[in-house]
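Open the model in your viewer and show it as a cartoon. The tour begins at one residue and then widens to the whole chain.

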Amino acid sequence: MIIGLVIACEVGFWVLLAAGLAVRYVLKWRRTSVALLLCEPLLEVVLFLATAVDLRGGARPSWEHGLAALYIGFTVAYGHATISWLDGHAAHRLAGAPRPPKPPRYGLARARHEGRLWLRTLLAAAVALALLQCAIWYVGDGTATGPLRSWQWAALRVLGIHGVIALTYLLWPKKAPAGTAAHEAEDRTLTGR
């Protein structure tokens, strides 16, 4: 049941997002668009409540409950950024707005960008870990909580791997090709001129 609900929430996320952007840029109904996009967090609330009810009803904790917690954490951390990113691209394609800026590709600007993404992953992991720990306390049976604890370790591994990747951009920043505007900006940053 829970895995089907996770899939339904993911599909619902994209359906609401597409409907919200279509209503905003095709029909020009901004208030309706905002209302549709504000329904997005309700999907996570439904998933959270369904998971709690399932555990309360005596269901043995399983990988589906852990996946639900990770999904909620990811959506909390990356949901708004995903919506904003797609809104910028929809505004560009459908309403003639300027093209959204691309993330930086070189130097410390790229390292800062990767650091901000890692902070989002930290938030996702923190939310997932908190939900999983609450579920462990809620169930209370030490032997039955193994799948939930394994998801906690999975969240920590993802956080660590993403942290190492983000750190590599700081330790070994990619240099801009010579003669480009990014290279000249990088030189000004390094020389202080």
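Select K28, which sits in the loop between α1 (2-25) and α2 (30-38). The model is predicted, and every value on this tour is computed from it. Colour α1, residues 2-25, and α2, residues 30-38, to make the loop that holds K28 easy to find.

Stay on K28 and look at its backbone. Its phi is near 65°, a positive value in a residue other than glycine. Now switch on the surface. Is K28 buried or exposed? K28 counts as exposed because its relative accessibility is 56%, and the cut-off for exposed is over 50%.

Next, select the whole protein and colour by secondary structure. Seven helices and zero strands should appear. Following the sequence from start to end gives the pattern α-α-α-α-α-α-α.

Turn the protein to view its overall dimensions. The C-alpha atoms fill a box of roughly 65 × 45 × 20 Å along the principal axes. How does the radius of gyration relate to that of a compact globule of 193 residues? The protein has 21 Å, whereas such a globule would have a value near 16 Å.

Show the contacts between residues at least 6 apart in sequence. Of these, 72% join residues at least 24 apart.

Return to the surface for the whole protein. About 11,800 Å² is exposed, with 69% of it supplied by carbon and sulfur atoms. Buried residues account for 35% of the 193 residues.

Finally, select the charged residues. There are 20 positive and 11 negative charges, and the mean positions of the two groups are 8 Å apart.

Conventions
Residues are numbered from 1 along each chain as its sequence is written. This is a predicted model: local features need pLDDT of at least 70, side-chain atom pairs count only at pLDDT 80 or more; totals for chains, interfaces and linings use all residues. Side-chain values use heavy atoms; hydrogens and water are left out. Helices (H or I, at least four residues) and strands (E, at least two) are DSSP runs, numbered from the N terminus. The radius of gyration is taken over C-alpha atoms; the globule rule is 2.2 Å times the number of residues to the power 0.38. Buried means under 20% relative accessible area, exposed over 50%, partly exposed in between (1.4 Å probe, protein chains only). Contact means heavy atoms within 4.5 Å. Accessible areas come from the Shrake-Rupley method with a 1.4 Å probe; for residues, only the protein chains shown count as cover. Lys and Arg count as positive and Asp and Glu as negative; His and the chain ends are not counted. The place of a charge is taken as NZ of Lys, CZ of Arg, CG of Asp or CD of Glu.
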